[in-house]
Every structure is written in structure tokens, then in C-alpha cells.
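Colleague: I'm new to reading structures, and I'd like a close look at one part of this one. Could you pick a spot where two helices meet and walk me through it, then follow the trail outwards?

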Amino acid sequence: MSATLPAARSRALALAFALALLAGVAAAPPAAPRPEGVERRAAREQLPPPFRSYSRPGIDPAVRKVRGRVRVHIQLRRVRVLRDVLRAARRVQAAQTLPLPLARRAGADVALGRRLALRSERARERNLRLLARLLRPGAHLLGRATERVLALGGRVEESDPITLSLTAELPTRAAIRLARSPLVWSVSLAPRRDPLVRVGSDAVGAPIWWVNGAFGQQLPGYPTDGTGTGPDLFIAGDTVDGEHPAYRPLLAQGRLIVPPGYRPLCTATDAIGDPCSHGTAIAAMAIGQGCDQRYDSRCAQQGNSAELGIAPGIDKLIVDGEPRFDEPAPLPCGGEGYPFFSGYSWAIGLPVSFVSSSGCSGTWPIAPDPAETVSASHGGTGEPGEGDDTQWDRGADAVTSSVGILFFRSAGNSGYLYDSGSRAKCDGQNEVCVGAFQPGASVSDRSDDEITYFSERGPTPGGRKKPDMVAVGAGFGRYPNPFWRDSGEPLFTGRWTGTSFSAPQAAAASVLLHSVGVVDPLARKALLLNSAYKPPALGCPQDSGSGRDSQGYSPKWGWWDPCWGWGALDLARAWRERANWASGVVRPGAPVFYRTRVESPDDRATVAWYRRGTIRWVSPYEHEVLAATLTDIDLVQAAADERVQEISGSRIDNVEQVRARRGTFPRQVIYKVVARSQIDGLAAEPFAIAATRPLEPLAAPVPTVNVERARSGDLRVGESDTLTISVRNPADELAARDVALAVELPPSLRAVDSASFTLGTLAPGESARVEVRVTAVTAARGTVRVTARATALGEELSDGRELAVATLPPPTGGASGGGSSGQPGGSPPASGGGNPPAGGAPGGNAGPVPSRPPAPRPRLRDALVGAPLVRLRGRTVELVFRAHTRREWRAQLELHARRGTRYRRVRAWRLQLRCRGLGGGRWRCRARRSLTSGQVRGRRIVVVLSRRPDSVFRYVRHTLVVRRR
């Protein structure tokens, strides 16, 4: 994103930012982050960058055009507080992955899958609690912004501590004024969120799960954990009438959850957008409990007891609930009031900042049992003229990737307005965008299924492939009647249709997969899309001219279709393929290989990954921003002889799919997951792959490199050393061909012999070793970089290692001066006596002996490697740093208290450092100290790290403020 600007333009830009700083909207630029490890190698290899996007500062011009009140999305500054948050989010994702052999066993054993799902849930909740602690500074910033919005006469609808953003409705003039605040980075229009209902389960194959005892619940005989017993679902933006017989069992058993201060009951109205009538109608598609006569005598009527959702045995259903305005809720900071609440953030395990009408503010504890799956039946339509990648979209992707949830959203009900510019869009790229289809006359025969006229079509305005899939949105039978309390109204009705019914159905399918051990949300997404069904005759007018063949492949769209997406929800096929998935990571130069067997042209594989939130330094704005980055990953199907058969490689999508479609059957094929771009924020990109048949991982023959020195310690100028480089093929079956080795030396070293080698082919498990002799030519610190390259299955493989080397000046000589007698200060011999001095005139004096120039003073090195890190975990202070030596370090912990207008030291302890070697002359040192709550309260905590200078290392002193008060 950075670019070199001309001098005149740079001066103009500097002047503009100086004026902005006076206006209070600029922020001090931090140091630009340096790429590390694999990213440095990728930069040297000239790989293209990933697809990145971020919000521009200031106010969106579209906001100024709105009259009256406007609904806006507000992005705050100071995203630097999110660095540790994004690191902790990786642990949440890692808790939801399984190795392939364990995933395969879980697919064959429902009981084992259930135990793995419970274990994953406990690990995920532990990491979410850690993530919530790290999010508290961001939640406090959101609290300050909320107070500002309320002071301007606005109303906050939702806040998100991961992206430091909130959604609010306020007067247009107030929004313009808010954009000038130093706390705000940008203000843009928030998308509309209208209910997508217009005035069953058998159709998608759910009964096969029920026959095998999988209802989405904990099966009998399994231990429960401390917070929940299975997968949970959150219905966003809606509430349900918990007293309706379709939901009464959930309410009676405590499985219908609402945020604190809300009630799980509501009264439906005829108002457009009423969350009670909308939510009561659509939630039963996911978790309808049927109808028990204990709750209403009308349940005895024919058909009422059979109205079951996809996952009726779900552990917990979380909804927004109805505010208790007549009953003030007790607040965590004391007192009572009506707290603003972001039900979405709370339900998925994020801390929520609130400001109550009583003046109390703070952060609410996270939900005791956060949801793993979310369904939203509001506003997935891309309006004409709306951007394809807005600030709202980037924030949605950052949240879903950080918390590790699977989000389903309705595609929209304006498909008949396709020619007017209406498109299926949803929010961001991670959400599963669900359209609607109508089952045919026979439930068992799906060839006569049809796409509904109102289901939103794709692609998005920017060409992305949405919708992802379709589910039943019309012709599904009946749903709970929101007006069942009125006289003459039945318990169930079938007046409404729409994509609002489709999203909960697909979300419940994800709950079923989770309940049998598919714990990775990316794997659940890949399985649902890979098992989706497409009728032979697609019948999509928007697909005309795409060149689609009889098998359903289009050179323009691949296997995706503008109406059906990747296909219609098919739970019968998902049950058969529930064990055929794998989680992995991929990076440039290290593709991932899987072998499988294809038996028909319809056999396929699908790979899915996240668009993630990263923090990037943006040069034009001289500021760090929260950016959305999408790694370019391709899915390739190859034959055993390395011939490429099919390839799916979109630059702007995060789902790829290939199918067998031609050739002889059965046969073996190899699926290759390949990263075609650099990766932001991570060393490797996580992904999940699902296939029709079982997958067998193949270890890629990426040549592993190891570098060792013959000598220990630093080199002096003129000295030589030998680098021993070993290369090994770690694969069990595949050979590494055309192996080449390149050694890149720093300017301080010079190779005596060649630094490039061609090793040919390395068989599985075979190793090779070469030696490179180097000589130190200048005194400096540098890095030796060794890169090994090879090819296998038509892909280029690479790996590298780095070795830090320091060279010192040559040793100094003895003292200058002295006569021929060899005694210090002696005089030369007299004229004519003895032999003439060497180099002197015969029979004469040799003249004055020239003195040697003073030896150059050795250049001192930095003892530290990088910057020291100090953090406060609870009441424990921890110091960690890396250094070139472990001797003579001193660390001191200090407590400072305010005395008047200044802070003064009131207590100090010396920290005991413990160091361990890292190799290459480096050490890692750390120290800890636990404090009491009385010592921490109201004090500034400071750590002072110092080291006296010596003949090698210069003076070090770092004053690190752990917490300011």
C-alpha cells in the first residue's frame, strides 16, 4: 500500500496533515511494522500482495446528503490496542481444528465426535475469556464514544470491540460534528437491515440425521462441561415468543437465553420490522420443538406435533430478547438502570461496553456459553450504487475470523429487481450468503426444485460469488404463528415466504455438523458447500451466455451459479460426507497435498478460508488502520502423473471448488491447496478442505534447511569460517525434483567458493550436505540467508533459514616507538659502532622511528535483540526480552504514586532474571513478580531494565511503563 511520493507532493501532504493535526483529527504515527520470516522471503520472491482494503479517514460524502437522522458506522482510532487481540484470536481458531485421522474417526463414531465437540467448546471458551480480557481497553474506548453519541442526541445500536467500531443513529449534523472528534477515524453510512419475510426440514434431508440420533444436542451418557453441553445458535436481530408451544420446551429447560436486562418473552405486532413477529416465525426453521399438548390443547390438531426444525435438540438458543423498560436491571458497576446492549457481541463472547441512563458505565461480562453459529435474516441485499467492500463489510470479516464463528445471512428478497441493479451481497466475504429455493412435488426427488422469483441473484457489484448456497424459502409448510394469542388464529400458519427462512435452516445444518465433531467453522462451511445439490436444469436467466455445459461447468463462473450459488442445502449428502474434511495451513512455497479417489463426474472438493483483520501502516495517511486482507489461495486437481486436470483460482473470493467431471472412473487424483500471494499477519494461512470421498494427506517434499557454523562466537576481520548446510526431503512418498540451494551473504562476509548449488532429485527421506567457506571482510552485523527450492506435482516448493553473524574489527597491535636495542625508550647506537640499523644509511643514523597510528576504537554492539516486552496479566507483571548475552543484566519493578502533580516512586523490587539459550549466541530472559490488589490499585507500574557498558556492548537502559494511572 505504501508508495514513494514526489518531493513537492510530499511537502503538500505534510502541510495538509499538519493542518489536520491542529484541527484535532491526526494521530502520531508509530513505527512502521517490519515483515518477518516467511513474509520477508515472499517479498524477495516477488509474490503479489494479498487483496487488502481499509477505510479512508473522515466522513463519507453520502452521510452529508441524508436529511434528518442518519444511521452510520463509526470507526475509532487507536487500533494499536488490537495487536494482542489479533494474536489471541489465533488461539480461538486453533481450538477448533482437528488432525485428519481424528476427524475421520469422529465421522465414523458419533459418540467420539460428540466428545471432541465438547472438548473443543471448553478450549474455545477458555481462549475467549483471555480474548475478552485483552479487549477491555477497546471496550472502554467504545464507552467513551458511546457517551459522545448520546451527548449529541444519538442512539447506539451495536458496538464491536474487535474492530473498535459502533453503529449509531443520530442527526446528520451531529454525525458531521462527531467525525471531527480526535477519537473517530471515519464515519460512513451503515447498511439497511430490513426483515426479509414476504406477505421444511424433510425437503433438505434432515430426517437421516434424526434416524441416527443426531438432533444437535448432547447424546445420552456424555459428561457435561461447566458452561454448556453442545453447540449453540444465536438468532441476530430478532427475539422469539418463548411461550409459544414451538419454543416452550426451550424456555422451560433454561435453553432460551437472552442478554442481561432482557426477557425471553415478547408480544408480536403487525408493525413492519417487528423483531418479535419476525423472529417467532423464522427461528422454528432451525430449532422448532414441535407442539406438546402440555402447553396448548391445540397441539392435538393434525400435523402440529410434527413441526420440527433442523436441529430441535440444540443445546441453547440465544436471541436478542425484549428490553425490560419497566424493570431496571442491576448493573455490574453498581446501581440500576437500562444499559445499552449489543446482543451480537455479547452472544459470541465479546465484552460489551454500556452507558446506562443512570450515568453508570463500564464493561459487561461475556456470555457464559458463547454461540458458535450465528444466523441473521436481515438485509443481505446490495442496493444499487452501494460499494462492494464497505467499512461495515471489513468489520464483519474481522469479527468472524477473530472469534471463529460461522455466520449465515439471508441473501435478500429483491431478485426480481436484478435488472435494476439489486444484487446478493451480505456482509463481507466470510458470511455464508443464503438464497431461497422451493421444493418440487416430491420430497425424495429433488430434480424438480426451483429457485424462487424473489431470491437475490449474484454476483456482487464487485464480481464476488454470492450467494453461497440456497435453502428452503417457500413451499416448506408451516411456521409458528406470531399472533397465536389472538382469537381465531391457529398455532401454525404458512402465509409468509422469504430468504429469512433460509438462513436459519442453513445455520441449523451447521449445528448438526458441529454436534458430531466437525468443530472447525471453516470445515463446516466447506462441507455444506461441497455437499450442496444442483438440479440438472438450473433455470437461471442471469446465467445465460456463460457457456455452461451439460455437467454444469461454466468458463465464466466455474461451478458457481448466479441463482443457486454452489448449490442447495443437502443434509443427506452432508451426512455421508461428514468425515471427509481436513484443516491445515498453507504458505507460499509450501502447498498442501491430499490424495483421494473419484468415482463419478460429480465427485468434488471445496476449500474455504477467512478474510482476516490485520493492522497495517498506511503511508498516505501516516497512520495504522484495521485492514481486511484476503490471501489468494487456489485449489488444483491433478492426476497421479502431475498433469493438471482442473483448477479453481479466483483472486477475490475465499471459496474454491473443483470437480472430476471427465476422465475414466474410478481413478486416483491429488488435490493441491496453493498460496499464490503473500500473507499478512500470519506465517501461514489456515484453511479447511472437504471432499466427496475420504482424504489422505500427502506430505509435501518441501526441502527443509539447517545451517550450522564450524566456529562459535563472533568473527574478526580476516578470519574464516565454514557454513555447513544440510537439506532434507521430509516427505514419505513424493520426491523433490530440481533441488537448488542459494546462499545470500551479508556485505560483511565474502564466499571463498561458490554460494549456489544444484542438488538434483532428493528421494523421500534423503538428505544432502554442502559446505560454504566464508571470510570476514568488514566489521558489522549481518544475516546469512539460505533458500532451498524444488518442484513436485507441478508446484514450486521453497524453504529458507536465516543465521545471524556478527564480525568484529581485527585485534590491535603492541606499543609504538623504541630503539634498535629493543629497550623501551632506548637510544639508537652511535655512528660507526656496530651494524647499521635495518633500512638506515650506511655508517649513518637511521633517523627517527615513525610511530604507529592509534588503533581504531572498537565499535560497541547493542546487547538487546529487538525491544523488550513487559505486560500485566491480572496482578502479575512479566518481563521478556532477547539479548546477545545473559550477564550483567539488572531489572527493577517500581510502583509510582501521585504526589501533587507528579508521580514519585514509593516501592521497588529487584526482579530475578532467568535466561535460556536460543542458539546462534542469543538468549531469552524473563522475570515475573506477583503484586497484591492493594499494591496495584491506583499506582503506576514501571519496569526499569539496564546493563552497564563493557568492551563489547554499549550502555542499556529502558524504562517501560506497564500501566498508567
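Modeller: Here is a walk that starts at a pair of helices and moves on to a few other places. Keep in mind that this is a predicted model.

Let's start with helix α15, residues 502-515, and helix α16, residues 521-530. Their axes come within 10 Å and cross at roughly 115°, and the crossing of α15 past α16 is right-handed. Who does the touching? On the α15 side you'll find Ala506, Ala509, Ser510, Leu513 and His514, and they meet Arg524, Leu527 and Leu528 from α16. Sorted by class, that contact is made of five nonpolar residues, two polar ones and one charged one.

Now zoom in on His514, which sits in α15. His514 counts as buried because its relative accessibility is 4%, and the cut-off for buried is under 20%. Leaving out residues up to four places away in sequence, His514 touches Ala117, Pro231, Glu372, Val519 and Arg524. You've met Arg524 already, as one of the α16 residues in the helix contact.

Leu527 from that contact leads us onwards, to Glu577. Glu577 lies in the loop between α17 (571-576) and β25 (581-586). With a relative accessible area of 3%, Glu577 is buried too. Setting aside neighbours within four places in sequence, Glu577 is in contact with Leu527, Asn530, Ser531, Ala691 and Thr692. Here's a nice example of folding bringing things together: Glu577 and Pro694 are 117 residues apart in sequence, but their C-alpha atoms are 8.1 Å apart in space.

Next, the holes inside the model. The largest cavity has a volume of about 130 Å³. It is lined by 20 residues, and the closest to its centre are Ser55, Gln75, Gln391, Leu626 and Ala627. Three elements give two or more residues to this lining: β3 (69-76), α14 (391-403) and β29 (623-630). Strand β29 gives the most, with six. By class, the lining has eight nonpolar, nine polar and three charged residues.

The second largest cavity has a volume of about 60 Å³. Among the residues lining it are Gln429, Arg464, Lys466, Asp468 and Trp566. This lining divides into two nonpolar, two polar and five charged residues.

Lys466 is worth a second glance, as a cis peptide bond with an omega of about 10° joins it to Pro467. Pro467 is in the loop between β21 (450-451) and β22 (469-472). What's the fuss about cis? Most peptide bonds are trans, and most residues other than glycine have a negative phi.

The loop between β32 (655-659) and β33 (667-675) has something to show on both counts. Pro666 is in that loop, and a cis peptide bond with an omega of about -5° joins Phe665 and Pro666. Arg661 is found in the loop between β32 and β33 as well, and it has a positive phi of about 50° although it is not a glycine. Arg661 is buried, with a relative accessible area of 12%.

Finally, look at Asp738 in strand β39, residues 736-744. Asp738 has a positive phi of about 50° without being a glycine. Asp738 counts as exposed because its relative accessible area is 55%.

Technical notes:
Residues numbered from 1 in each chain as written. Predicted model: local features only at pLDDT ≥ 70, side-chain atom pairs only at ≥ 80, totals over all residues. Heavy atoms only, no water. Axes fitted to C-alpha atoms, helices over the stretch in contact; angles between N-to-C directions. Helix = DSSP H or I, 4+ residues; strand = E, 2+ residues; numbered from the N terminus. Left-handed = near helix turned anticlockwise from the far one by under 90°. Contact = heavy atoms within 4.5 Å. Nonpolar A, V, L, I, M, F, W, Y, C, P; charged D, E, K, R; others polar. 1 Å grid on protein atoms, 1.4 Å probe; cavity = no way out; pocket = protein on both sides within 12 Å on 5 of 7 lines; lining within 4 Å. Points joined across faces, edges and corners; volume = space filled by probe spheres on them. Buried < 20%, exposed > 50% of the residue type's maximum accessible area, 1.4 Å probe, protein only.
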